[in-house]
Amino acid sequence: MLKTPKALTVAGSDSGGGAGIQADLKTFQELGAYGMSVITAVTAQNTLGVQGIHPVPVEMILKQLNSIEEDLRPEALKTGMLFSAEIIEAVSRHIRKYEWKNVVVDPVMIAKGGADLLRRDAVEALKKQLIPLASILTPNIPEAEQLTGRSISTKQDREDAAKFLHDLGAGMIVIKGGHLSHDKAPVDLFYDGEQMHELEGRRIDTPQTHGTGCTFAAAIAAELALGKTPIHAVKTAKTFIQEAISHPLHIGSGHGPTNHWAYRRNQA
Ligand SMILES: Nc1ncnc2c1ncn2[C@@H]1O[C@H](COP(=O)(O)OP(=O)(O)OP(=O)(O)O)[C@@H](O)[C@H]1O
Ligand SMILES: Cc1ncc(COP(=O)(O)O)c(N)n1
C-alpha cells in the first residue's frame, strides 16, 4: 500500500481564508500532502485587517498536538502564528520530545495590515526555543531584522543575517524577498548551511498578497512531506507562490488572498 504523505500546520486561523491555517491546508492539498492542523489562535480577519485575536489555551494546543502524535504522525510540519512565549515554549517542547522531523518555522510577527501576531516579549522564546529546532526557517526581511537585531538593506546584509540565524541553530534559512523595494525583483536567499542560493522571481505589482509567507512555508513543508530535498522544496515553493500571486482572485476590497490552485492548473 502506498504511504500517504502527511503535513501538519501549527498556526493561527484566518477567518478570511487567505493566510494562516486556511492558506496552509489549501497549499498542502494542492501539492498532494494530507493536511492536518493545530490551531494556536483564532483571528477575526478579512482582507482589510485583523479585527480580533483570541489565543487558544495552551492545554488545548497540547491536546491537539498529542492527538496527532498518537495516531497521525506527520512527515513534516510548519509553524506560523504562535502569538505568545507560552505557546512557543509548549510547541517547542512537544517537537523536541517527540523528535518531529522536517520542521519549517515561519516566524510570523506582524500581519500585512500592521496587527501584532506575536507578542513583542515572545521574540526571545522564538530565538531560544523554536529556531534551534527549525530544519528550514523562513523570515521575511523585517522578521530577519528583529531576530538578528541588525538592519538589512544589501545582499551582503541578507547573507550575514542568514549566517547569524544558522548560528542560532536553524538548519537552513530562506530570507524572503517580498519586502525588498518595489523596483527590485523579489529574490529569496536560501542558505543551506554551506552555500547561498538565489531563488529568482518576477515582481507582480498587486495588492493581492495576503498570506504569501504562509503559503510559501506551507509549500516547503508539503514538499518535504513528499520526500523532496530541501533545495527542491524551496524551489517548488517559489514557483508555487509566484503562480499564486500571478493569478489573483480579486476577493475583498483590501489585501486579497493569493490563488492556491493556480500552480496545479498550470502544471496540468
Ligand atoms: N509582489 C510580489 N511578486 C512576486 N513575488 C512576491 C511578491 N511579494 C512576495 N513575493 C514572494 O512571496 C514569498 C513570500 O514573501 P514575503 O516577503 O511576502 O513574505 P511575508 O511577508 O512573510 O508574507 P506574509 O506576511 O504576507 O505571509 C516570497 O517567495 C516572495 O519572494
Ligand atoms: C492567522 C494569520 N497568520 C499569518 C498571517 C500573516 O499574513 P499577512 O502578513 O499576509 O497578513 C495572518 N495575517 N494571519
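**Loops, helix packing and ligand shells in a predicted model**

Valine 187 lies in the loop that runs between strand E7 and strand E8 (188-191). The structure described here is a predicted model. With 17 other C-beta atoms within 10 Å, valine 187 is partly exposed. Contacts of valine 187, leaving aside residues up to four places away in sequence, are made with Gly177, Glu198, Leu199, Glu200 and Gly201. Leucine 199 is twelve residues from valine 187 along the chain, and the C-alpha atoms of the two are separated by 5.5 Å.

Histidine 197 belongs to strand E9, which covers residues 196-199. This histidine is partly exposed, as 14 other C-beta atoms lie within 10 Å. When residues up to four places away in sequence are not counted, histidine 197 touches Phe190, Asp192 and Ile231. Between histidine 197 and threonine 236 there are 14 Å from C-alpha to C-alpha, for a separation of 39 residues in sequence.

A further histidine, residue 232, is part of helix H8. Histidine 232 counts as partly exposed because it has 14 C-beta neighbours inside 10 Å. Its C-alpha atom is separated by 8.8 Å from that of isoleucine 220, a residue twelve places away along the chain.

Positive phi values were examined next. Phenylalanine 83, although not a glycine, has a positive phi of about 65°. The residue sits in the loop between strand E4 (76-79) and H3. Phenylalanine 83 has 22 C-beta neighbours inside 10 Å and therefore counts as buried, the threshold being 20 or more. Histidine 250 is also a residue other than glycine, and its phi is positive, near 55°. Histidine 250 is located in the loop between H8 and helix H9 (262-267). Here the number of C-beta neighbours inside 10 Å is 10, so histidine 250 counts as exposed. A positive phi of about 70° is found in glycine 149, just after H5.

The helix that precedes glycine 149, H5, spans residues 141-148, and its buried residues are Ile141, Glu143, Ala144, Leu147 and Thr148. Viewed down the axis of H5, these buried residues fall within an arc of 155° and so line one face of the helix. In an α-helix there are 3.6 residues a turn, so residues three or four places apart point the same way. The packing partners of the buried residues of H5 are helix H4 (123-130), helix H6 (155-167) and strand E7 (172-175).

In H4, the buried residues are Ala125, Leu126, Lys127, Gln129 and Leu130. They pack against E4, H3, strand E5 (103-105) and H5. For the pair formed by H4 and helix H3 (residues 85-97), the axes come within 9 Å and cross at roughly 10°. Angles under 35 degrees count as roughly parallel, and H3 and H4 are therefore roughly parallel to each other. On the H3 side the contact involves Ala85, Ile88, Glu89 and Ser92, which meet Ala125, Leu126, Gln129 and Leu130 of H4. By class, the residues of this contact are five nonpolar, two polar and one charged.

Two ligands were considered. Ligand 1 is surrounded by 22 residues, of which Asn140, Lys176, Gly178, Pro186 and Gly213 are the closest. At least two residues of the shell around ligand 1 come from H7, and at least two from helix H8 (230-246). This shell is made up of seven nonpolar, ten polar and five charged residues.

Around ligand 2 there are 17 residues, and the closest are Gly12, Ala19, Gly20, Ala111 and Lys112. Two or more residues of this shell are given by each of strand E1 (6-14), strand E2 (34-46) and helix H7 (212-225). The most comes from E1, which gives three residues to the shell around ligand 2. The classes represented around ligand 2 are nonpolar, with seven residues, polar, with eight, and charged, with two.

Methods
Residues are numbered from 1 along each chain as its sequence is written. Chains are lettered from A and ligands numbered from 1 in the order in which they are written. This is a predicted model: local features need pLDDT of at least 70, side-chain atom pairs count only at pLDDT 80 or more; totals for chains, interfaces and linings use all residues. A residue is buried if 20 or more other C-beta atoms lie within 10 Å of its own, exposed if 12 or fewer, and partly exposed in between; C-beta atoms are placed from the backbone. Helices (H or I, at least four residues) and strands (E, at least two) are DSSP runs, numbered from the N terminus. The arc is that of the directions from the helix axis to the C-beta atoms. Two residues are in contact if their C-beta atoms, placed from the backbone, lie within 7 Å. A residue is near a molecule or strand if its C-beta atom, placed from the backbone, lies within 6 Å of it. Ala, Val, Leu, Ile, Met, Phe, Trp, Tyr, Cys and Pro count as nonpolar, Asp, Glu, Lys and Arg as charged, and the others, Gly among them, as polar. Axes are lines fitted to C-alpha atoms, for helices over the stretch in contact, and angles run from 0 to 180 degrees between N-to-C directions. Angles under 35 degrees count as roughly parallel, over 145 as roughly antiparallel, 65 to 115 as roughly perpendicular and the rest as oblique.
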